[in-house]
Amino acid sequence: MAKSDVKKVVLAYSGGLDTSIILKWLQTTYGCEVVTFTADLGQGEELEPARHKALLLGIKPENIFIEDLREEFVRDYVFPMFRANAVYEGQYLLGTSIARPLIGKKQIEIAEKVGADAVCHGATGKGNDQVRFELAYYALKPDVKVIAPWREWDLTSRTKLIEFAEQHQIPIAKDKRGEAPFSTDANLLHTSSEGKVLEDPSQDVPDYVYSRTVNPEDAPDRATFITVDFERGDAVAVDGVKLTPAALLAKLNDLGRENGIGRLDLVENRYVGMKSRGMYETPGGTILLAAHRGIEQITLDRGAAHLKDELMPKYAELVYNGFWFAPEREMLQAAIDKSQEFVTGRVRLKLYKGNVSVVGRESPYSLYDQELVTFEEGAVAYDQHDAQGFIKLNALRLRTLGQRKKRMGK
């Protein structure tokens, strides 16, 4: 599709300097009508300024879409991912990754609604987000035209961006005129920071980068104890108070913030091939993961639990790489959701100076049998002599191998 064929484009628009420049660039380069979409994913920012900025840049009121997606985000994206206990490369709780498919889905819905023939994002050509956005777009609208300005334009430096903004009367905040010390992305699940002062992985993360958690050393000297209730694998209450998915995650975020929980300094492998150093703060998610694993300890059968742990890295990689709408992720989700039928009950946790520990768990569907496991003589029938045959059968192939080694003189 030639540039002249693009009549209307839906832009993922934050209201910040970069996406405002993209908005004007689309108008001047493509000569097309621009529709802005701003998603409230719980990033903690006032979104009405984005509407005002779009109007200032000539966007028609009917072409400005601002949607509160917090409940949908947690219910349909964060919670299904946490049922899988998904962690990328052993540590990352996928806060940025899981938000992208929802934004992409809404962009496509708006494109269909307004009759747009293109969608546009502000991700750079070096990162993962370009992949995540575009895989979502193509999965949901295979013939859509995708515009990725960072792969097309010649505004390759901060100076050129500022010059373009000044040329087109785009307001520039004072703190945006200098070189940004680092870039951030935030939603209800996490805040991520990367670039500039964080690019040298041998150096500590400066204190001023942290925005979502108190320093664990400054957290209260007395532990905080809480309970989290689960139904079929999803958290439904904190300290016995029922909450919506978004409200529950926000509550856990508050508790995590106060206790310095959820900081992560990580060098990860991007899907595009390079290593990247980032700092993540996921206070509520860190508590939620510990709680979910705690309730699974007593409600999941060993075979199901171990299979889930084998599937999890693949699931996490699919989310990280942008394949949320791929059939293999949906297949894994079906298996994971089946495993959660009896993952119901209450977990008690201890929060203290950056740490979260499970200190109790109970469920009406618990598989834990104290009479069976006790060192005392239990009431449940278990003949310890049975273990002898069990061990001998399992040792049969090892004994056979051992005999062969003996014959060979090894």
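What follows is a walk through this protein, from its overall make-up to a few individual residues.

Keep in mind from the start that you're looking at a predicted model. The chain has 410 residues, and 47% of them are buried. If you trace the C-alpha atoms along the principal axes, the protein spans about 85 × 55 × 45 Å. Along the way the chain forms 12 helices and 14 strands. How much surface does the protein expose? About 21,100 Å², with carbon and sulfur atoms supplying 51% of it. There's also a nice number for how the chain folds back on itself: take the contacts with a separation of 6 or more, and 72% of them link residues that sit 24 or more positions apart.

Let's start with strand β1, which covers residues 8-12. Is β1 mostly covered or mostly open? Mostly covered: 5 of its 5 residues are buried. To picture this, it helps to know that side chains in a regular strand alternate between the two faces of the sheet. In β1, Lys8, Val10 and Ala12 are on one side, Val9 and Leu11 are on the other, and both groups are buried.

Now look at what β1 pairs with. One partner is strand β2, residues 33-40, which runs parallel to β1 and is joined to it over 5 bridges. Within that pairing, Val10 stands opposite Val35 of β2. To get from β1 to β2, the chain passes through helix α1 (residues 17-29), making a right-handed β-α-β crossover. Strand β4, residues 118-120, is also a parallel partner of β1, this time over 3 bridges. Here Val10 turns up again, with Val119 as its bridge partner in β4. So keep Val10 in mind as a handy landmark: it has Val35 across from it in β2 and Val119 as its partner in β4.

Next, a hint from a database record. The unreviewed UniProt entry marks a "binding site" at Tyr92, Ser97, Asn128, Arg132, Ser183, Ser192, Glu268 and Tyr280. Let's visit two of these. Ser97 is in the loop between α3 (70-83) and α4 (100-114). Is Ser97 buried or exposed? It's buried, because its relative accessibility is 1% and the cut-off for buried is under 20%. Beyond its close sequence neighbours, Ser97 is in contact with Tyr92, Arg132, Val319 and Tyr320. Tyr92 and Arg132 are also on the UniProt list.

The second one is Ser192, which is part of strand β7 (residues 191-194). Ser192 has a relative accessible area of 10%, so it counts as buried as well. Setting aside residues within four places in sequence, its contacts are Thr96, Ser183, Thr184, Asp185, Met279 and Tyr280. With Thr96 there's a polar contact too, side chain to side chain, at 3.5 Å. Ser183 and Tyr280 are further entries in the UniProt list.

Another buried residue worth a stop is Glu296, in helix α8 (residues 283-299). Why is Glu296 called buried? Because its relative accessible area is 7%. Its side chain and that of Gln340 are joined by a polar contact of 2.9 Å. Gln340 is one of several contacts away from its close sequence neighbours, the others being Arg83, Asn85, Lys308 and Val343.

For contrast, go to Leu367, in the loop between β14 (355-362) and α11 (370-373). Leu367 is exposed, because its relative accessibility is 55% and anything over 50% gets that label. It still touches other parts of the chain: Ile298, Thr299, Leu300 and Asp301. How far is Leu367 from Phe65? Their C-alpha atoms are 49 Å apart in space, and 302 residues separate them in sequence.

Let's finish with the backbone. Most residues other than glycine have a negative phi. Glu89 has a positive one, near 50°. You'll find Glu89 in the loop between α3 and α4, and it's partly exposed at 35% relative accessibility. Asp239 also has a positive phi, near 55°. Asp239 lies in the loop between β9 (234-238) and β10 (241-242), and with a relative accessible area of 42% it's partly exposed.

Notes: Residues are numbered from 1 along each chain as its sequence is written. This is a predicted model: local features need pLDDT of at least 70, side-chain atom pairs count only at pLDDT 80 or more; totals for chains, interfaces and linings use all residues. Side-chain values use heavy atoms; hydrogens and water are left out. Buried means under 20% relative accessible area, exposed over 50%, partly exposed in between (1.4 Å probe, protein chains only). Helices (H or I, at least four residues) and strands (E, at least two) are DSSP runs, numbered from the N terminus. Two strands pair if DSSP finds at least two bridges between them. A crossover is right-handed if, with the strands pointing away from the viewer, the path from the first strand over the helix to the second runs clockwise. UniProt positions are given in the numbering used here, feature names are shortened, and annotations may be inferred rather than shown by experiment. Contact means heavy atoms within 4.5 Å. A polar contact is a pair of N or O atoms within 3.5 Å; within protein, one must be able to donate a hydrogen and the other to accept it, and residues adjacent in sequence count only if both atoms are side-chain atoms. Accessible areas come from the Shrake-Rupley method with a 1.4 Å probe; for residues, only the protein chains shown count as cover.
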